[in-house]
Amino acid sequence: MKQKDQFDNLEKHTQWGIDVLEKFIKFVKERTEIELSYAKQLRNLSKKYQPKKNSKEEEEYRYTSARAFLATLNEMNDYAGQHEVISENMTSLITGELTRYVQELKQERKSHFHDGRKAQQHIETCWKQLEASKRRFERDCKEADRAQQYFEKMDADINVTKADVEKARQQAQLRHQMAEDSKAEYSSTLQKFNSEQHDHYYTHIPHIFQKIQEMEERRIVRIGESMKTFAEVDRQVIPIIGKCLDEITKAAESIDHKNDSQLVIEAFKSGFEPPGDVDFEDFTQPMKRTVSESSLSNSRADGKSEPKFGGKSKGKLWPFIKKNKGAGPEDFSNLPPEQRRKKLQQKVDELNRDIQKEMDQRDALTKMKDVYIKNPQMGDAASVDHRLAELGQNIEKLRLEVQKFEGWLAEVEGRLSMRSEARRQSGLYEAQNPSAVNSCAQDRESSPDGSYTEEQSQETEMKVPATDFDDEFDDEEPLPTIGTCKALYTFEGQNEGTISVAEGEMLYVIEEDKGDGWTRIRRNEDEEGYVPTSYVEVYLDKNAKDVYKSLEKI
(Lines give C-alpha, C1' and ligand atoms only; values in the text may rest on other atoms or scores of the structure.)
Protein backbone atom coordinates (compact mmCIF):
# COMPACT_ATOMS: atom_id res chain seq x y z
CA MET A 1 0.00 0.00 0.00
CA LYS A 2 2.83 2.38 0.81
CA GLN A 3 4.35 1.72 -2.58
CA LYS A 4 1.03 2.33 -4.25
CA ASP A 5 0.75 5.65 -2.43
CA GLN A 6 4.19 6.64 -3.73
CA PHE A 7 3.11 5.90 -7.29
CA ASP A 8 0.02 8.07 -6.83
CA ASN A 9 2.12 10.94 -5.49
CA LEU A 10 4.61 10.67 -8.35
CA GLU A 11 1.78 10.56 -10.86
CA LYS A 12 0.30 13.78 -9.45
CA HIS A 13 3.70 15.53 -9.41
CA THR A 14 4.62 14.61 -12.97
CA GLN A 15 1.19 15.75 -14.16
CA TRP A 16 1.82 19.08 -12.42
CA GLY A 17 5.16 19.34 -14.30
CA ILE A 18 3.38 18.84 -17.61
CA ASP A 19 0.82 21.49 -16.64
CA VAL A 20 3.68 23.94 -15.95
CA LEU A 21 5.11 23.30 -19.41
CA GLU A 22 1.74 23.83 -21.08
CA LYS A 23 1.23 27.03 -19.09
CA PHE A 24 4.61 28.34 -20.27
CA ILE A 25 3.74 27.42 -23.88
CA LYS A 26 0.50 29.36 -23.58
CA PHE A 27 2.37 32.34 -22.12
CA VAL A 28 4.89 32.40 -24.99
CA LYS A 29 2.10 32.03 -27.55
CA GLU A 30 0.25 35.06 -26.16
CA ARG A 31 3.55 36.99 -26.18
CA THR A 32 4.02 36.21 -29.89
CA GLU A 33 0.48 37.41 -30.61
CA ILE A 34 1.23 40.68 -28.78
CA GLU A 35 4.46 41.13 -30.78
CA LEU A 36 2.62 40.56 -34.07
CA SER A 37 -0.15 42.95 -33.11
CA TYR A 38 2.38 45.61 -32.05
CA ALA A 39 4.35 45.16 -35.29
CA LYS A 40 1.15 45.46 -37.33
CA GLN A 41 0.14 48.65 -35.53
CA LEU A 42 3.62 50.14 -36.05
CA ARG A 43 3.51 49.31 -39.78
CA ASN A 44 0.03 50.81 -40.13
CA LEU A 45 1.20 53.92 -38.29
CA SER A 46 4.22 54.27 -40.57
CA LYS A 47 2.07 53.70 -43.67
CA LYS A 48 -0.53 56.24 -42.48
CA TYR A 49 2.01 59.06 -42.43
CA GLN A 50 3.91 58.07 -45.58
CA PRO A 51 3.58 60.69 -48.38
CA LYS A 52 1.00 59.86 -51.00
CA LYS A 53 2.29 59.50 -54.55
CA ASN A 54 1.74 62.41 -56.93
CA SER A 55 0.52 64.61 -54.09
CA LYS A 56 1.60 67.92 -52.67
CA GLU A 57 3.16 66.07 -49.74
CA GLU A 58 5.90 64.71 -52.01
CA GLU A 59 7.09 68.25 -52.72
CA GLU A 60 7.39 68.90 -48.98
CA TYR A 61 10.03 66.17 -48.65
CA ARG A 62 12.70 68.31 -50.27
CA TYR A 63 13.09 69.94 -46.84
CA THR A 64 15.57 68.25 -44.51
CA SER A 65 13.09 68.19 -41.63
CA ALA A 66 10.49 66.40 -43.77
CA ARG A 67 13.13 63.96 -45.06
CA ALA A 68 14.18 63.25 -41.48
CA PHE A 69 10.55 62.49 -40.62
CA LEU A 70 10.33 60.18 -43.65
CA ALA A 71 13.50 58.41 -42.51
CA THR A 72 11.94 58.02 -39.06
CA LEU A 73 8.86 56.42 -40.64
CA ASN A 74 11.04 54.00 -42.62
CA GLU A 75 13.07 53.09 -39.55
CA MET A 76 9.86 52.50 -37.58
CA ASN A 77 8.85 50.08 -40.32
CA ASP A 78 12.14 48.21 -39.82
CA TYR A 79 11.61 48.43 -36.06
CA ALA A 80 8.25 46.72 -36.52
CA GLY A 81 9.97 44.03 -38.59
CA GLN A 82 12.18 43.13 -35.63
CA HIS A 83 9.12 42.52 -33.47
CA GLU A 84 7.85 40.20 -36.20
CA VAL A 85 11.20 38.38 -36.01
CA ILE A 86 10.74 38.00 -32.24
CA SER A 87 7.31 36.48 -32.80
CA GLU A 88 8.55 34.09 -35.50
CA ASN A 89 11.57 32.90 -33.51
CA MET A 90 9.56 32.37 -30.32
CA THR A 91 6.97 30.41 -32.27
CA SER A 92 9.51 28.13 -33.96
CA LEU A 93 12.11 27.77 -31.18
CA ILE A 94 9.85 27.67 -28.12
CA THR A 95 6.16 27.13 -28.84
CA GLY A 96 6.60 24.56 -31.59
CA GLU A 97 9.45 22.65 -29.92
CA LEU A 98 7.82 22.56 -26.49
CA THR A 99 4.49 21.45 -27.92
CA ARG A 100 6.16 18.45 -29.55
CA TYR A 101 8.16 17.75 -26.38
CA VAL A 102 5.03 17.79 -24.20
CA GLN A 103 3.41 15.18 -26.44
CA GLU A 104 6.49 12.96 -26.16
CA LEU A 105 6.64 13.57 -22.40
CA LYS A 106 3.04 12.47 -21.95
CA GLN A 107 3.70 9.26 -23.85
CA GLU A 108 6.85 8.52 -21.83
CA ARG A 109 5.11 9.24 -18.54
CA LYS A 110 2.23 7.00 -19.50
CA SER A 111 4.65 4.19 -20.35
CA HIS A 112 6.57 4.45 -17.06
CA PHE A 113 3.49 4.42 -14.87
CA HIS A 114 2.05 1.58 -16.93
CA ASP A 115 5.22 -0.45 -16.19
CA GLY A 116 4.96 0.48 -12.51
CA ARG A 117 1.34 -0.63 -12.28
CA LYS A 118 2.17 -3.82 -14.14
CA ALA A 119 5.02 -4.64 -11.69
CA GLN A 120 2.74 -3.87 -8.76
CA GLN A 121 0.05 -6.17 -10.11
CA HIS A 122 2.60 -8.93 -10.70
CA ILE A 123 3.93 -8.87 -7.13
CA GLU A 124 0.40 -8.80 -5.79
CA THR A 125 -0.45 -11.86 -7.90
CA CYS A 126 2.63 -13.67 -6.55
CA TRP A 127 1.61 -12.81 -3.02
CA LYS A 128 -1.88 -14.18 -3.60
CA GLN A 129 -0.43 -17.40 -4.99
CA LEU A 130 1.78 -17.71 -1.90
CA GLU A 131 -1.16 -17.14 0.41
CA ALA A 132 -3.24 -19.74 -1.44
CA SER A 133 -0.41 -22.30 -1.26
CA LYS A 134 0.06 -21.58 2.43
CA ARG A 135 -3.63 -22.00 3.20
CA ARG A 136 -3.75 -25.24 1.24
CA PHE A 137 -0.71 -26.57 3.12
CA GLU A 138 -2.30 -25.59 6.40
CA ARG A 139 -5.56 -27.26 5.48
CA ASP A 140 -3.86 -30.47 4.33
CA CYS A 141 -1.84 -30.63 7.55
CA LYS A 142 -5.00 -30.33 9.63
CA GLU A 143 -6.72 -32.98 7.53
CA ALA A 144 -3.72 -35.29 7.96
CA ASP A 145 -3.82 -34.80 11.76
CA ARG A 146 -7.49 -35.57 11.89
CA ALA A 147 -7.03 -38.68 9.71
CA GLN A 148 -4.16 -39.87 11.97
CA GLN A 149 -6.23 -39.36 15.09
CA TYR A 150 -9.17 -41.25 13.53
CA PHE A 151 -6.87 -44.11 12.53
CA GLU A 152 -5.43 -44.35 16.04
CA LYS A 153 -8.91 -44.33 17.52
CA MET A 154 -10.09 -47.05 15.17
CA ASP A 155 -6.97 -49.13 15.84
CA ALA A 156 -7.52 -48.97 19.60
CA ASP A 157 -11.17 -49.93 19.39
CA ILE A 158 -11.54 -53.77 19.65
CA ASN A 159 -15.03 -53.61 18.29
CA VAL A 160 -13.90 -52.22 14.92
CA THR A 161 -13.23 -54.66 12.22
CA LYS A 162 -9.81 -55.11 10.76
CA ALA A 163 -11.02 -53.85 7.39
CA ASP A 164 -12.24 -50.56 8.86
CA VAL A 165 -8.92 -50.11 10.64
CA GLU A 166 -7.05 -50.76 7.40
CA LYS A 167 -9.22 -48.29 5.64
CA ALA A 168 -8.59 -45.61 8.26
CA ARG A 169 -4.84 -46.31 8.08
CA GLN A 170 -4.82 -45.82 4.31
CA GLN A 171 -6.81 -42.64 4.66
CA ALA A 172 -4.36 -41.30 7.20
CA GLN A 173 -1.43 -42.12 4.92
CA LEU A 174 -3.15 -40.38 1.98
CA ARG A 175 -3.71 -37.27 4.05
CA HIS A 176 -0.12 -37.27 5.19
CA GLN A 177 1.03 -37.51 1.59
CA MET A 178 -1.22 -34.63 0.55
CA ALA A 179 0.18 -32.57 3.41
CA GLU A 180 3.70 -33.34 2.26
CA ASP A 181 2.82 -32.33 -1.32
CA SER A 182 1.23 -29.08 -0.10
CA LYS A 183 4.32 -28.42 2.00
CA ALA A 184 6.58 -28.88 -1.00
CA GLU A 185 4.37 -26.65 -3.13
CA TYR A 186 4.20 -24.00 -0.40
CA SER A 187 7.95 -24.07 -0.04
CA SER A 188 8.45 -23.70 -3.80
CA THR A 189 5.90 -20.89 -4.03
CA LEU A 190 7.50 -19.14 -1.07
CA GLN A 191 10.94 -19.30 -2.64
CA LYS A 192 9.53 -17.98 -5.93
CA PHE A 193 7.69 -15.14 -4.18
CA ASN A 194 10.75 -14.11 -2.23
CA SER A 195 12.73 -14.03 -5.45
CA GLU A 196 10.02 -12.00 -7.21
CA GLN A 197 9.69 -9.68 -4.25
CA HIS A 198 13.44 -9.09 -4.20
CA ASP A 199 13.48 -8.33 -7.91
CA HIS A 200 10.44 -6.11 -7.52
CA TYR A 201 11.85 -3.96 -4.72
CA TYR A 202 15.49 -3.99 -5.70
CA THR A 203 15.35 -4.07 -9.50
CA HIS A 204 12.03 -3.34 -11.26
CA ILE A 205 10.61 -0.59 -9.07
CA PRO A 206 13.95 1.27 -8.64
CA HIS A 207 14.44 1.09 -12.40
CA ILE A 208 10.98 2.55 -13.03
CA PHE A 209 11.54 5.26 -10.42
CA GLN A 210 14.90 6.06 -12.03
CA LYS A 211 13.25 6.51 -15.41
CA ILE A 212 10.56 8.74 -13.93
CA GLN A 213 13.28 10.79 -12.18
CA GLU A 214 15.24 11.18 -15.40
CA MET A 215 12.08 12.16 -17.26
CA GLU A 216 11.27 14.79 -14.63
CA GLU A 217 14.83 16.17 -14.67
CA ARG A 218 14.74 16.46 -18.46
CA ARG A 219 11.49 18.37 -18.18
CA ILE A 220 13.00 20.79 -15.69
CA VAL A 221 16.11 21.30 -17.85
CA ARG A 222 13.96 21.79 -20.94
CA ILE A 223 11.80 24.51 -19.41
CA GLY A 224 14.95 26.26 -18.18
CA GLU A 225 16.46 26.18 -21.66
CA SER A 226 13.21 27.51 -23.12
CA MET A 227 13.27 30.44 -20.70
CA LYS A 228 16.85 31.20 -21.78
CA THR A 229 15.74 31.05 -25.42
CA PHE A 230 12.89 33.39 -24.55
CA ALA A 231 15.42 35.98 -23.37
CA GLU A 232 17.93 35.25 -26.15
CA VAL A 233 15.35 35.85 -28.91
CA ASP A 234 14.83 39.35 -27.54
CA ARG A 235 18.56 39.91 -27.09
CA GLN A 236 19.33 38.99 -30.72
CA VAL A 237 17.22 41.87 -32.13
CA ILE A 238 18.48 44.49 -29.68
CA PRO A 239 21.48 45.45 -31.91
CA ILE A 240 19.22 45.88 -34.96
CA ILE A 241 16.67 47.88 -32.96
CA GLY A 242 19.60 49.97 -31.71
CA LYS A 243 20.65 50.61 -35.32
CA CYS A 244 17.10 51.72 -36.15
CA LEU A 245 17.17 54.18 -33.26
CA ASP A 246 20.66 55.34 -34.29
CA GLU A 247 19.37 56.01 -37.82
CA ILE A 248 16.48 58.03 -36.41
CA THR A 249 18.96 60.06 -34.36
CA LYS A 250 21.18 60.49 -37.43
CA ALA A 251 18.18 61.68 -39.47
CA ALA A 252 17.29 64.19 -36.76
CA GLU A 253 20.86 65.50 -36.71
CA SER A 254 20.80 65.90 -40.51
CA ILE A 255 18.10 68.58 -40.30
CA ASP A 256 19.54 71.83 -41.67
CA HIS A 257 17.43 74.84 -40.77
CA LYS A 258 19.50 77.13 -42.99
CA ASN A 259 19.00 74.91 -46.02
CA ASP A 260 15.25 74.61 -45.40
CA SER A 261 14.79 78.35 -45.06
CA GLN A 262 16.80 78.91 -48.26
CA LEU A 263 14.53 76.46 -50.10
CA VAL A 264 11.51 78.48 -48.97
CA ILE A 265 13.15 81.65 -50.27
CA GLU A 266 13.91 80.04 -53.62
CA ALA A 267 10.43 78.58 -53.88
CA PHE A 268 8.49 81.76 -53.20
CA LYS A 269 10.65 84.64 -54.42
CA SER A 270 8.70 86.52 -57.10
CA GLY A 271 11.42 88.23 -59.11
CA PHE A 272 9.68 91.62 -58.78
CA GLU A 273 11.57 94.73 -57.89
CA PRO A 274 10.51 96.42 -54.65
CA PRO A 275 8.20 99.41 -55.19
CA GLY A 276 9.49 102.95 -54.88
CA ASP A 277 8.86 105.25 -51.93
CA VAL A 278 5.47 106.95 -51.71
CA ASP A 279 5.96 110.70 -52.12
CA PHE A 280 4.51 113.25 -49.80
CA GLU A 281 1.36 114.94 -51.09
CA ASP A 282 1.13 118.50 -49.90
CA PHE A 283 -2.54 119.31 -49.39
CA THR A 284 -1.73 122.80 -48.08
CA GLN A 285 -1.12 124.14 -51.59
CA PRO A 286 -4.36 125.11 -53.33
CA MET A 287 -3.59 123.48 -56.64
CA LYS A 288 -5.04 120.62 -58.57
CA ARG A 289 -3.21 117.40 -58.00
CA THR A 290 -2.32 115.32 -60.99
CA VAL A 291 -2.29 111.64 -61.37
CA SER A 292 0.86 109.66 -60.70
CA GLU A 293 1.54 105.96 -60.57
CA SER A 294 1.45 105.98 -56.80
CA SER A 295 -1.63 108.22 -56.53
CA LEU A 296 -4.49 107.71 -58.99
CA SER A 297 -7.38 110.20 -59.23
CA ASN A 298 -9.02 110.42 -62.64
CA SER A 299 -12.13 112.21 -63.80
CA ARG A 300 -14.55 110.01 -65.70
CA ALA A 301 -16.64 110.98 -68.70
CA ASP A 302 -19.80 110.34 -66.72
CA GLY A 303 -18.76 112.82 -64.07
CA LYS A 304 -18.33 110.26 -61.27
CA SER A 305 -15.44 110.80 -58.90
CA GLU A 306 -12.94 107.96 -58.89
CA PRO A 307 -11.17 106.50 -55.86
CA LYS A 308 -7.75 107.92 -55.02
CA PHE A 309 -4.85 105.61 -54.52
CA GLY A 310 -2.24 108.00 -53.13
CA GLY A 311 -1.25 108.54 -49.57
CA LYS A 312 -2.61 105.40 -47.84
CA SER A 313 -1.51 103.03 -50.64
CA LYS A 314 -4.28 100.51 -50.10
CA GLY A 315 -3.05 98.30 -52.97
CA LYS A 316 -0.86 95.27 -52.39
CA LEU A 317 2.91 95.58 -52.90
CA TRP A 318 2.95 92.42 -55.00
CA PRO A 319 -0.20 92.43 -57.12
CA PHE A 320 0.97 89.50 -59.24
CA ILE A 321 0.68 87.09 -56.32
CA LYS A 322 -3.11 87.20 -56.47
CA LYS A 323 -4.26 83.80 -57.67
CA ASN A 324 -6.75 83.29 -60.44
CA LYS A 325 -9.88 81.38 -59.66
CA GLY A 326 -9.89 77.97 -61.32
CA ALA A 327 -7.11 76.58 -63.49
CA GLY A 328 -4.39 78.99 -64.58
CA PRO A 329 -3.23 79.53 -68.15
CA GLU A 330 -1.08 76.89 -69.79
CA ASP A 331 1.98 79.15 -69.94
CA PHE A 332 1.69 80.11 -66.24
CA SER A 333 1.49 83.78 -67.23
CA ASN A 334 -0.55 84.46 -64.09
CA LEU A 335 2.54 83.82 -61.93
CA PRO A 336 5.38 86.19 -61.03
CA PRO A 337 8.39 85.98 -63.36
CA GLU A 338 10.62 83.84 -61.14
CA GLN A 339 7.79 81.47 -60.19
CA ARG A 340 6.74 81.24 -63.83
CA ARG A 341 10.27 80.34 -64.87
CA LYS A 342 10.41 77.55 -62.29
CA LYS A 343 7.01 76.17 -63.33
CA LEU A 344 7.98 76.21 -67.00
CA GLN A 345 11.27 74.48 -66.22
CA GLN A 346 9.42 71.80 -64.23
CA LYS A 347 7.02 71.30 -67.11
CA VAL A 348 9.89 70.94 -69.61
CA ASP A 349 11.61 68.39 -67.34
CA GLU A 350 8.37 66.46 -66.92
CA LEU A 351 7.76 66.33 -70.67
CA ASN A 352 11.34 65.17 -71.27
CA ARG A 353 10.81 62.35 -68.77
CA ASP A 354 7.61 61.35 -70.56
CA ILE A 355 9.48 61.36 -73.89
CA GLN A 356 12.16 59.11 -72.40
CA LYS A 357 9.53 56.65 -71.14
CA GLU A 358 7.86 56.53 -74.54
CA MET A 359 11.24 56.01 -76.24
CA ASP A 360 12.11 53.19 -73.84
CA GLN A 361 8.81 51.49 -74.69
CA ARG A 362 9.46 51.98 -78.38
CA ASP A 363 12.96 50.48 -78.08
CA ALA A 364 11.58 47.48 -76.19
CA LEU A 365 8.87 46.89 -78.80
CA THR A 366 11.42 47.25 -81.59
CA LYS A 367 13.58 44.54 -80.02
CA MET A 368 10.50 42.37 -79.59
CA LYS A 369 9.63 42.86 -83.26
CA ASP A 370 13.16 41.84 -84.26
CA VAL A 371 12.82 38.68 -82.19
CA TYR A 372 9.47 37.91 -83.83
CA ILE A 373 11.01 38.43 -87.29
CA LYS A 374 13.88 36.05 -86.52
CA ASN A 375 11.61 33.54 -84.73
CA PRO A 376 8.10 33.69 -86.25
CA GLN A 377 6.91 30.88 -83.98
CA MET A 378 7.25 33.21 -80.96
CA GLY A 379 4.78 35.80 -82.31
CA ASP A 380 3.55 37.94 -85.17
CA ALA A 381 5.87 40.87 -85.93
CA ALA A 382 3.01 42.86 -87.49
CA SER A 383 1.10 42.79 -84.19
CA VAL A 384 3.38 45.46 -82.69
CA ASP A 385 3.35 47.84 -85.67
CA HIS A 386 0.21 49.65 -84.50
CA ARG A 387 1.67 50.23 -81.05
CA LEU A 388 4.99 51.41 -82.52
CA ALA A 389 3.16 53.93 -84.72
CA GLU A 390 1.17 55.11 -81.72
CA LEU A 391 4.34 55.58 -79.66
CA GLY A 392 5.94 57.54 -82.53
CA GLN A 393 2.95 59.90 -82.63
CA ASN A 394 3.06 60.34 -78.85
CA ILE A 395 6.77 61.16 -78.96
CA GLU A 396 6.22 63.72 -81.72
CA LYS A 397 3.39 65.38 -79.77
CA LEU A 398 5.49 65.52 -76.64
CA ARG A 399 8.41 67.04 -78.54
CA LEU A 400 6.15 69.76 -79.91
CA GLU A 401 4.95 70.44 -76.37
CA VAL A 402 8.58 70.67 -75.20
CA GLN A 403 9.36 73.16 -77.96
CA LYS A 404 6.36 75.26 -76.98
CA PHE A 405 7.26 75.37 -73.29
CA GLU A 406 10.96 75.92 -74.04
CA GLY A 407 9.95 78.95 -76.12
CA TRP A 408 8.00 80.40 -73.22
CA LEU A 409 10.88 79.56 -70.87
CA ALA A 410 13.41 81.33 -73.13
CA GLU A 411 11.14 84.36 -73.28
CA VAL A 412 10.85 84.56 -69.48
CA GLU A 413 14.58 84.03 -68.93
CA GLY A 414 15.31 86.73 -71.52
CA ARG A 415 13.06 89.25 -69.77
CA LEU A 416 14.57 88.45 -66.38
CA SER A 417 18.11 88.85 -67.72
CA MET A 418 17.18 92.20 -69.37
CA ARG A 419 15.69 93.49 -66.14
CA SER A 420 18.78 92.42 -64.24
CA GLU A 421 21.03 94.16 -66.83
CA ALA A 422 18.93 97.31 -66.67
CA ARG A 423 19.18 97.41 -62.88
CA ARG A 424 22.93 96.83 -63.08
CA GLN A 425 23.50 99.60 -65.62
CA SER A 426 21.19 101.93 -63.69
CA GLY A 427 23.29 101.36 -60.58
CA LEU A 428 26.48 102.08 -62.55
CA TYR A 429 24.98 105.30 -63.91
CA GLU A 430 23.95 106.51 -60.46
CA ALA A 431 27.42 105.79 -59.13
CA GLN A 432 29.04 107.70 -62.01
CA ASN A 433 26.55 110.67 -62.08
CA PRO A 434 25.49 111.42 -58.52
CA SER A 435 24.72 115.05 -59.39
CA ALA A 436 22.20 113.99 -62.04
CA VAL A 437 20.53 111.68 -59.58
CA ASN A 438 20.36 114.42 -56.95
CA SER A 439 18.83 116.85 -59.42
CA CYS A 440 16.23 114.23 -60.29
CA ALA A 441 15.43 113.83 -56.63
CA GLN A 442 15.06 117.62 -56.30
CA ASP A 443 12.74 117.67 -59.29
CA ARG A 444 10.58 115.05 -57.60
CA GLU A 445 10.43 116.99 -54.38
CA SER A 446 9.59 120.23 -56.19
CA SER A 447 6.71 118.80 -58.21
CA PRO A 448 3.60 120.80 -57.50
CA ASP A 449 1.39 117.72 -57.13
CA GLY A 450 3.89 115.82 -54.94
CA SER A 451 2.74 112.51 -56.46
CA TYR A 452 5.81 111.30 -58.35
CA THR A 453 6.69 107.74 -57.29
CA GLU A 454 8.93 106.45 -60.04
CA GLU A 455 12.34 105.12 -58.95
CA GLN A 456 14.11 107.28 -61.53
CA SER A 457 13.29 110.58 -63.26
CA GLN A 458 12.76 110.84 -66.98
CA GLU A 459 16.22 112.42 -67.42
CA THR A 460 17.91 109.51 -65.70
CA GLU A 461 15.79 106.98 -67.51
CA MET A 462 16.84 108.41 -70.88
CA LYS A 463 20.49 107.78 -70.08
CA VAL A 464 19.97 104.10 -69.24
CA PRO A 465 20.06 101.79 -72.26
CA ALA A 466 16.48 101.08 -73.21
CA THR A 467 15.15 97.50 -73.11
CA ASP A 468 12.56 95.88 -75.35
CA PHE A 469 10.01 96.51 -72.63
CA ASP A 470 10.70 100.24 -72.75
CA ASP A 471 10.73 100.38 -76.58
CA GLU A 472 7.10 99.37 -76.66
CA PHE A 473 6.12 102.84 -75.47
CA ASP A 474 8.15 104.78 -78.03
CA ASP A 475 5.55 104.48 -80.79
CA GLU A 476 4.92 107.85 -82.34
CA GLU A 477 1.37 107.07 -83.37
CA PRO A 478 -1.15 105.62 -80.89
CA LEU A 479 -2.25 102.05 -81.47
CA PRO A 480 -5.85 101.44 -82.56
CA THR A 481 -8.40 100.19 -80.04
CA ILE A 482 -9.21 96.46 -80.45
CA GLY A 483 -11.74 96.09 -77.63
CA THR A 484 -12.63 97.00 -74.08
CA CYS A 485 -11.95 95.52 -70.67
CA LYS A 486 -13.24 95.69 -67.14
CA ALA A 487 -10.88 95.82 -64.14
CA LEU A 488 -11.62 92.85 -61.85
CA TYR A 489 -9.28 94.07 -59.11
CA THR A 490 -7.53 97.27 -58.10
CA PHE A 491 -4.00 97.52 -59.50
CA GLU A 492 -1.46 100.23 -58.69
CA GLY A 493 1.03 100.52 -61.51
CA GLN A 494 4.17 101.58 -59.67
CA ASN A 495 6.68 100.32 -62.25
CA GLU A 496 7.40 102.08 -65.51
CA GLY A 497 5.17 101.03 -68.35
CA THR A 498 2.28 100.01 -66.08
CA ILE A 499 -0.92 101.93 -65.39
CA SER A 500 -3.08 102.08 -62.27
CA VAL A 501 -6.70 100.92 -62.47
CA ALA A 502 -9.56 100.74 -60.02
CA GLU A 503 -11.85 97.76 -59.54
CA GLY A 504 -14.84 97.92 -61.88
CA GLU A 505 -13.29 100.56 -64.16
CA MET A 506 -13.92 100.21 -67.92
CA LEU A 507 -10.93 100.82 -70.25
CA TYR A 508 -9.86 100.31 -73.88
CA VAL A 509 -7.66 97.41 -75.00
CA ILE A 510 -4.98 98.35 -77.51
CA GLU A 511 -2.75 95.23 -77.35
CA GLU A 512 -3.53 91.63 -76.43
CA ASP A 513 -1.56 89.45 -74.02
CA LYS A 514 1.39 88.06 -76.01
CA GLY A 515 1.98 85.23 -73.56
CA ASP A 516 3.89 87.18 -70.93
CA GLY A 517 0.84 87.78 -68.70
CA TRP A 518 0.39 91.51 -69.56
CA THR A 519 -2.34 93.35 -71.51
CA ARG A 520 -1.86 96.90 -72.84
CA ILE A 521 -4.79 99.24 -72.17
CA ARG A 522 -5.70 102.90 -72.59
CA ARG A 523 -7.76 105.20 -70.42
CA ASN A 524 -7.57 108.33 -72.59
CA GLU A 525 -5.22 109.85 -75.13
CA ASP A 526 -2.59 110.63 -72.52
CA GLU A 527 -2.81 107.57 -70.29
CA GLU A 528 -2.00 104.05 -71.40
CA GLY A 529 0.12 101.18 -70.09
CA TYR A 530 0.23 97.52 -69.08
CA VAL A 531 -1.81 95.67 -66.44
CA PRO A 532 -1.70 91.97 -65.47
CA THR A 533 -4.03 90.02 -67.74
CA SER A 534 -5.47 88.22 -64.73
CA TYR A 535 -6.64 91.56 -63.30
CA VAL A 536 -8.97 92.43 -66.19
CA GLU A 537 -11.79 90.85 -68.16
CA VAL A 538 -11.23 91.54 -71.87
CA TYR A 539 -14.00 92.02 -74.49
CA LEU A 540 -12.32 92.04 -77.92
CA ASP A 541 -13.96 93.46 -81.02
CA LYS A 542 -13.71 90.66 -83.59
CA ASN A 543 -13.17 92.94 -86.62
CA ALA A 544 -10.63 95.09 -84.82
CA LYS A 545 -8.86 91.96 -83.62
CA ASP A 546 -8.51 90.63 -87.17
CA VAL A 547 -7.14 94.00 -88.38
CA TYR A 548 -4.71 94.07 -85.47
CA LYS A 549 -3.42 90.59 -86.27
CA SER A 550 -2.97 91.50 -89.94
CA LEU A 551 -0.96 94.57 -88.92
CA GLU A 552 1.24 92.43 -86.71
CA LYS A 553 2.02 90.13 -89.65
CA ILE A 554 3.10 93.12 -91.73
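These exercises, each with a worked solution, concern a predicted model.

**Exercise 1. The chain as a whole**

State how many helices and strands the chain has, and what share of its residues is buried.

Solution. Begin with the secondary structure: the chain has eleven helices and five strands. Next take the burial: of the 554 residues in the chain, 32% are buried. Finish with the contacts: among those between residues at least 6 apart in sequence, 73% join residues at least 24 apart.

**Exercise 2. Helix lengths**

Compare the expected span of helix α5 with the distance between its end C-alpha atoms, then do the same for helix α3.

Solution. Helix α5 covers residues 257-268, which is twelve residues. The expected span is 1.5 Å times one less than the number of residues, so α5 should span 16 Å. The end C-alpha atoms of α5 are 17 Å apart, in agreement with that value.

Helix α3 covers residues 64-156, which is 93 residues. At 1.5 Å a residue, α3 should therefore span 138 Å. Its end C-alpha atoms are 136 Å apart, which agrees. The helix also has a kink of about 35°, centred on T91.

**Exercise 3. The start of α5**

Which backbone nitrogen does a side-chain oxygen of D256 reach at the start of α5?

Solution. The backbone nitrogen belongs to K258. The side-chain oxygen of D256 comes to within 3.1 Å of this atom.

**Exercise 4. Two residues of helix α1**

Decide whether T32 and S46 are buried or exposed, and list their contacts outside the local sequence.

Solution. Take T32 first, which is in helix α1 (residues 2-48). Buried means a relative accessible area under 20%. T32 has a relative accessible area of 6%, so T32 is buried. Apart from neighbours within four places in sequence, T32 is in contact with S87, M90 and T91. T91 is also the residue on which the kink in α3 is centred.

S46 is found in helix α1 as well. Its relative accessibility is 3%, so S46 also counts as buried. With residues up to four places away in sequence left out, S46 touches L73, N74 and N77. For a distance in space, take S46 and T72: they are 26 residues apart in sequence, and their C-alpha atoms are 8.7 Å apart.

**Exercise 5. The sheet**

Give the order of the strands in the sheet and name the edge strands.

Solution. The sheet is open, has five strands and runs in the order β4-β3-β2-β1-β5, with antiparallel pairing. The edge strands are β4 (527-532) and β5, each of which pairs on one side only. From one strand to the next, the twist averages 40°.

Now go through the pairs. Strand β1 (residues 483-487) pairs with β2 (residues 506-511) over four bridges, and G483 stands opposite V509. With β5 (residues 536-540), β1 pairs over five bridges, and here T484 stands opposite Y539. Strand β2 also pairs with β3 (residues 518-524), over three bridges. In that pair V509 stands opposite I521.

**Exercise 6. The two faces of β1**

Which residues of β1 lie on the covered face, and which on the uncovered one?

Solution. Start from a general rule: in a regular strand the side chains alternate between the two faces of the sheet. In β1 the covered face has G483, C485 and A487. The uncovered face has T484 and K486.

Definitions and conventions. Residues are numbered from 1 along each chain as its sequence is written. This is a predicted model: local features need pLDDT of at least 70, side-chain atom pairs count only at pLDDT 80 or more; totals for chains, interfaces and linings use all residues. Side-chain values use heavy atoms; hydrogens and water are left out. A polar contact is a pair of N or O atoms within 3.5 Å; within protein, one must be able to donate a hydrogen and the other to accept it, and residues adjacent in sequence count only if both atoms are side-chain atoms. Buried means under 20% relative accessible area, exposed over 50%, partly exposed in between (1.4 Å probe, protein chains only). Two strands pair if DSSP finds at least two bridges between them. The bend at a residue is the angle between axes fitted to the seven residues ending there and the seven starting there. Contact means heavy atoms within 4.5 Å. Axes are lines fitted to C-alpha atoms, for helices over the stretch in contact, and angles run from 0 to 180 degrees between N-to-C directions.
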